[in-house]
Amino acid sequence: MNGVFIGGGGDGYGEKQYLRLDHANRHGLIAGATGTGKTVTLQILAEGFSAAGVPVFLSDVKGDLSGLAASGSADFKLHEPFMKRAETIGLDLDYRAFPVVFWDLFGAQGHPIRTTVAEMGPLLLARLLELSEAQEGVLNVAFRVADEDGLPLLDLEDLQALLVWCGQNAKDLSLRYGNVASSSVGAIQRSLLTLENQGGAAFFGEPALDISDLIAVNAAGEGRINVLAADKLMGSPQLYATFLLWLLSELFETLPEVGNPDKPKLVFFFDEAHLLFDDAPKALIDKVEQVARLIRSKGVGVYFITQNPGDVPEDVLSQLGNRVQHALRAFTAKDQRELNRAAETYRPNPVFDTADAIREVGTGEAVTSMLEEKGVPGIVERTLIRPPSSQLGPLTAEARKALVADSALAGRYEERLDRESAAEMLAERAKTAAKAAEEAEAEEERLAEKEREFRTGRRYSGKQVERSSSRRSSRGGGFGEALTSVVIKELKGTTGRRIVRGVLGGLFKGR
């Protein structure tokens, strides 16, 4: 069969299970309690897709999946049990390594991944910063101003500078876009500072990730397995979930429509999926549901890995046709209800009770259901999961470092770029405005000096002429002197200050 071999039967087990490549872009679910074998299932699926020429992106939460880059070995302590299981399910197990590229948002354990603030967009950024509705509205105003004024938002410094400008011009912006409260601006700035302290600033900037670098095969036609180091990233769960959702959105917006391909262009594994949906606003869940529904036409399969199927919203869960359910433990009434709810999502098998099977399967076993002809869900089966061909467990730090250095992408993303963007442009405008203010003050001082000279000259000339002539002169020049005096006073007074503000405002706003 043209598919990825999942596992098979034996005494008490069903038929061999394959994930059909022509249905692999219809998404899937890997669920089960901690320690029941989800990581191994993810590993063997990544191996199968890579061998079939399908690139893979996955997050390595525990560090174990780096072993995909090394061959398994007969010296491994589970070699004998693995070989016995392979024999039971009819698998000719051969140990081998797979083409792996390591990525890391922080650049420590792989190539850095970056995007720009503009590409992230206000919706995902608001989710990342956990903003209120009012604060998200102010953030949307800032993005609108950046678009209208041609201010590139590349990194956090750009966004911080733009928010300062919005705070200083809140009155004018409120008239155009609605209330821009200084308290909201301050709250966003504090959230950005927290994100920066957590290391999130490293994610924003250039060079930004080129999606085509994730969708590649090696010279032998094997799909590249992109492994994201997520052990440290899990310390900032909001950043982790938002990054993966951003990546899904980028794939959706970048890739062309391909309809129903013979095999996916990319398979995307979203580990710890509950982090995406916990306390997520409805707008965000709707966006996830939309992306999941439409991205399969771009040839991308999305597989969620989580402890309980109930972690995934119903509208998203209904789209996950290929399922591997490891054991769930039912110690409480709530656990029992969730287990029964999970069992109800499978096409029943008359041979056994699905809920009992989910409760009873051991480590390395699962209850599976794969899409069949015309996308019909297969009958649920108890399945022995096949052992992996690659190394079970992490690489050494030295081996990982060597693979990163020898990667085809080495040097492409390591050096950070810093081109002119919003922060520099706003600083230049402020500098220009300050210079204009100095020139306006100098001009005001020059006019004041002229006035002093004029008055001094009038006093001295009055002593050197006859009183009658002085009176005639006074009557003749009274109007001109008075007019000059009024103009000078106006320049020094409210009108003068208004002119100076007009110069400053025009330059600073870039109008």
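In this predicted model, strands β10 and β11 (residues 365-369) run antiparallel and are joined by three bridges. Within that pairing, V324 sits across from T368 of β11. On the β3 side things go the other way round: β3 (residues 28-31) and β10 pair in the parallel sense, over four bridges, and Q325 in β10 is the bridge partner of A31. Side chains in a regular strand alternate between the two faces of the sheet. For β10 (residues 322-325), both faces turn out to be covered. N322 and V324 are buried on one side, and R323 and Q325 are buried on the other.

Zooming out, these strands belong to an open sheet of twelve strands with mixed pairing, in the order β2-β1-β12-β11-β10-β3-β9-β8-β4-β7-β5-β6. The edges are taken by β2 (17-20) and β6 (111-112); each has a single partner strand, so one side of each is left without a neighbour in the sheet. Further in, β8 and β9 run parallel and share five bridges, with F268 standing opposite V302 in β9.

The β8 and β9 strands also turn up among the aromatic contacts. The structure holds 14 aromatic pairs. A pair of aromatic rings is described by the distance of the centres and the angle of the planes. For F269 and Y303, the centres are 5.5 Å apart and the planes stand at 40°, so this pair counts as tilted. The contact bridges distant parts of the chain, since F269 belongs to β8 (residues 266-270) and Y303 to β9, 34 residues apart. Both F269 and Y303 are buried. Ring pairs also link F57, Y240, F268, F270, F277 and F304 into a cluster.

Two rings have a positively charged residue over them. The charged end of R96 sits over the ring of F98, 4.1 Å from the ring centre, while K232 lies over the face of F106 at 4.5 Å from the centre of that ring.

Then there is the empty space. Rolling a probe the size of a water molecule over the atoms shows where such space is left. The largest pocket comes out at about 630 Å³. Its lining counts 30 residues, and those nearest the centre are G37, K38, T39, V40 and K62. Two or more lining residues come from each of α1 (38-51), α2 (79-89) and β9 (300-306), with α1 giving the most, at six residues. By class, the lining of this pocket splits into eleven nonpolar, twelve polar and seven charged residues.

As for enclosed space, the search of the whole structure finds two cavities of 30 Å³ or more. The second largest cavity holds about 30 Å³, and its lining is made of L248, V288, V291, A292, I295, V302 and F304. By class, that lining has seven nonpolar residues, no polar ones and no charged ones. Both α10 (282-294) and β9 supply at least two of the lining residues, and α10 gives the most, with three. Some of these names have come up before: V302, which lines the cavity, is the residue of β9 opposite F268, and F304, also in the lining, is a member of the aromatic cluster. Strand β9 thus recurs in several places: it pairs with β8, carries Y303 of the tilted ring pair, and gives residues to the linings of the largest pocket and the second largest cavity.

Notes: Residues are numbered from 1 along each chain as its sequence is written. This is a predicted model: local features need pLDDT of at least 70, side-chain atom pairs count only at pLDDT 80 or more; totals for chains, interfaces and linings use all residues. Side-chain values use heavy atoms; hydrogens and water are left out. On a 1 Å grid over the protein atoms alone, a cavity is a set of points where a 1.4 Å probe fits but cannot get out, and a pocket is an open set with protein on both sides within 12 Å along at least five of seven lines; lining residues have an atom within 4 Å of a point. Grid points are joined across faces, edges and corners, and a volume is the space filled by probe spheres set on the points. Ala, Val, Leu, Ile, Met, Phe, Trp, Tyr, Cys and Pro count as nonpolar, Asp, Glu, Lys and Arg as charged, and the others, Gly among them, as polar. Rings of Phe, Tyr and Trp (its six-membered ring) pair if their centres lie within 6.5 Å; planes under 30 degrees apart count as stacked, over 60 as edge-to-face and the rest as tilted. Buried means under 20% relative accessible area, exposed over 50%, partly exposed in between (1.4 Å probe, protein chains only). A charge sits over a ring if NZ of Lys or CZ of Arg is within 6 Å of the ring centre and within 35 degrees of the ring normal. Two strands pair if DSSP finds at least two bridges between them.
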